[in-house]
Amino acid sequence: MIPHVTRLLELWRIAAHYRLDTLFPAEELPVKARHALSLIKTHPAAWSSREKKNPLKLKEALEDMGPLAIKLGQLLSTRRDLIPPEVLSQLVLLQDRVKPYDTQLAKQRIQESLKADVSTLFSRFDEQPLAAASIAQVHTAALHDGREVVVKVTRPDIRSQILQDFEILAWLGDWLENRLEAARALHLSEIIQDYRQIILNELDLSLEADNTRRMRHYFTGSSMMYVPEVYMDSKDVMVAERITGVPISDIATFDRLGMDRADLAEKGLTIFFTQVFRDNFFHADMHPGNVFVETINPSNPRFIALDCAIMGELSKHDQMTIARMLLAVMNSNFMQLIQIVHQAGWIPPGTDQDALSREMRRTVGPMVSKPMDQLDFAGILIQVMDIARRFHLEIPPQLMLLLKTLVHVEGLGTDLYPQLDIWKLAKPILTEWVKANMNPVKNVKELGQQIPDLLLGAQDIPGLLIDSLNGLKNQSAWHDKQLREIQQMRLQMQQQQRRSWIFGSTMLILLTIAIISPWFISVILIVLSSLIALWRIAK
């Protein structure tokens with residue numbers, strides 16, 4: 001049963017009110033998409049709507065639909081290669097220009113959350129929000145010691161709507177997994193559940209504060225990136241250092257200040273790989289509203305990381321698998337790529353690995369030889385997903401957040417410096433990381449660091465040995481019993497075969513005698529053979 005039908009009807013009403021069916025020419029859409037959008041016209045709200053001429057109808061529609069729709073718009077806003085300019089100009093506003101809520105309500109939430117009056121907390125609090133996004137809005141203020149800060153406050157009453165929307169998505173994920181092999185290979189339901197938890201965590205600003213402090217620790221003293229300091233935090237409020245910079249999308253300012261965009265793009269890519277492989281803690285919501293650049297020193301600018309609410313981490317095994325996969329692609333060694341994926345357990349038994357290697361070479365191969373401005377990254381990703389469907393590959397859900405981040409990074413890089421050679425820059429970084437993590441000396445050193453834990457756990461060894469021996473004893477007794485039963489079955493089968501051979505021989509002799517004997521003896525022998533056969537069947 002479809003959950004929250006009322007909510008679905010509300011989304012349909014919003015789409016009809018803003019006439020979202022008029023955004024794209026029908027001939028440019030897939031047939032199924034045309035049919036889906038044509039349903040909008042049947043809603044009464046579409047008959048009297050004047051929103052067809054509103055240049056901001058998509059932005060306002062996504063705002064009315066709620067936080068998840070705004071998140072989708074933010075993701076699409078980084079894809080200038082996919083979205084028409086007139087639509088993109090609306091989506092960009094969703095990065096930090098969502099409709100704010102009442103300032104008095106924001107101040108009330110600050111006071112209740114931080115247990116103090118606004119005038120006690122700040123010497124100045126600016127009523128006009130600096131920015132507003134899907135989960136929270138930001139006000140500028142000053143502490144009593146003169147430090148300039150930004151105050152982030154979550155939106156009220158959005159949790160219930162988010163939960164409703166995810167229940168709808170969960171139903172949709174189950175429905176697709178029951179019908180589409182590609183959805184099953186992607187573990188779509190698990191991905192939806194993982195993302196649900198990520199968004200719910202984003203509602204808790206104390207978690208974002210912890211993430212920001214951790215990221216700041218990793219990049220303390222870095223010449224590549226600066227992370228603002230957090231001064232106060234609670235579940236609904238975070239007060240942090242105010243920074244000076246411009247969004248990563250402000251290319252006009254970079255050119256005006258004479259910044260080296262190629263160097264900036266390389267620095268951004270290095271930061272990404274550093275986060276994924278050195279720190280195993282990467283920013284997973286890198287739309288332009290969350291990534292700024294310092295303008296104080298144009299000759300050597302730093303990135304500024306904001307909004308560390310959605311962060312990603314990988315297991316050590318997945319880190320190594322991804323690094324080796326990327327290196328195999330960069331070296332155009334697609335047979336090695338398949339072997340790595342196979343070792344990771346993503347390929348089911350019986351897969352034609354040669355055919356899979358050829359498909360990956362055909363699809364992924366062009367990525368290595370072309371600059372970013374000539375790559376259709378989204379198209380290649382779709383083709384890879386299609387290969388995963390056809391070859392029944394198992395894609396771990398924890399990697400989907402990394403893929404989402406890669407889409408952001410690739411979109412930002414294309415805007416900043418389209419000729420960036422991503423592979424030339426990434427190859428030495430990945431090679432060094434793989435060598436360092438496969439270094440026997442380092443592995444022995446790590447083992448040495450674990451010795452204290454091993455010694456502390458040594459006191460449990462006698463008990464574990466006793467348990468193991470008892471388990472082996474019980475298992476041995478169970479195996480002995482199974483062996484006796486198998487031997488008994490084997491003996492019964494041998495006896496059965498012997499009886500069957502004797503019976504068959506006897507029947508053959510009797511029938512032969514019956515054929516060559518007088519008729520009355522034949523009748524007697526045939527009757528006797530029948531009785532023996534009936535007895536044999538009954539037994």
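This text walks through the strands of a predicted model, then turns to two of its helices.

Start with strand β3, residues 136-142. Is this strand buried or exposed? It is mostly covered, with 7 of its 7 residues buried. Both faces are covered. On one side sit Ala136, Val138, Thr140 and Ala142. On the other sit Gln137, His139 and Ala141.

Now look at the partners of β3. Strands of a sheet pair through backbone hydrogen bonds, either parallel or antiparallel. Strand β1, residues 124-125, runs antiparallel to β3 and is joined to β3 by 2 bridges. There, Phe125 has Ala141 as its bridge partner. Strand β2, residues 131-132, also pairs with β3 in the antiparallel sense, over 2 bridges. Ala132 of that pair is matched with Gln137 in β3. β2 and β3 make a hairpin, with 3 residues between them.

Next comes β4. It runs antiparallel to β3, and 7 bridges join the two. Thr140 stands opposite Val150 in β4. These strands form a hairpin too, with 5 residues between them. In this hairpin, Gly146 takes a positive phi near 100°.

From β4, step across to β7. Strand β4 covers residues 148-154, and 5 bridges join it to β7 in an antiparallel pair. Val153 stands opposite Val237 in β7. Strand β7, residues 237-241, is mostly covered: 5 of its 5 residues are buried.

β7 has another antiparallel partner, β6, at residues 230-233, and 3 bridges join them. Met232 is paired with Val239 of β7. β6 and β7 form a hairpin with 3 residues between them.

Move on to an open sheet of 4 strands. Its order is β5-β11-β10-β8, and the pairing is mixed. Why do β5 and β8 each have one side without a neighbour in the sheet? Both stand at the edges, each with a single partner strand, so one side of each is left free of neighbours in the sheet. Further in, β10 (residues 291-294) and β11 (residues 303-305) run antiparallel, joined by 3 bridges. Val291 has Ala305 in β11 as its bridge partner. Helix α14, residues 261-279, packs on this sheet. It touches β5, β10 and β11, and its direction makes about 40° with that of β11.

End with helix α5, residues 67-76. How many of its 10 residues are buried? The count is 7, so this helix is mostly covered. Among the buried residues are Pro67, Leu68, Ile70 and Lys71. Gly73 and Gln74 are buried as well.

Technical notes: Residues are numbered from 1 along each chain as its sequence is written. This is a predicted model: local features need pLDDT of at least 70, side-chain atom pairs count only at pLDDT 80 or more; totals for chains, interfaces and linings use all residues. Side-chain values use heavy atoms; hydrogens and water are left out. Buried means under 20% relative accessible area, exposed over 50%, partly exposed in between (1.4 Å probe, protein chains only). Two strands pair if DSSP finds at least two bridges between them. Contact means heavy atoms within 4.5 Å. Axes are lines fitted to C-alpha atoms, for helices over the stretch in contact, and angles run from 0 to 180 degrees between N-to-C directions.
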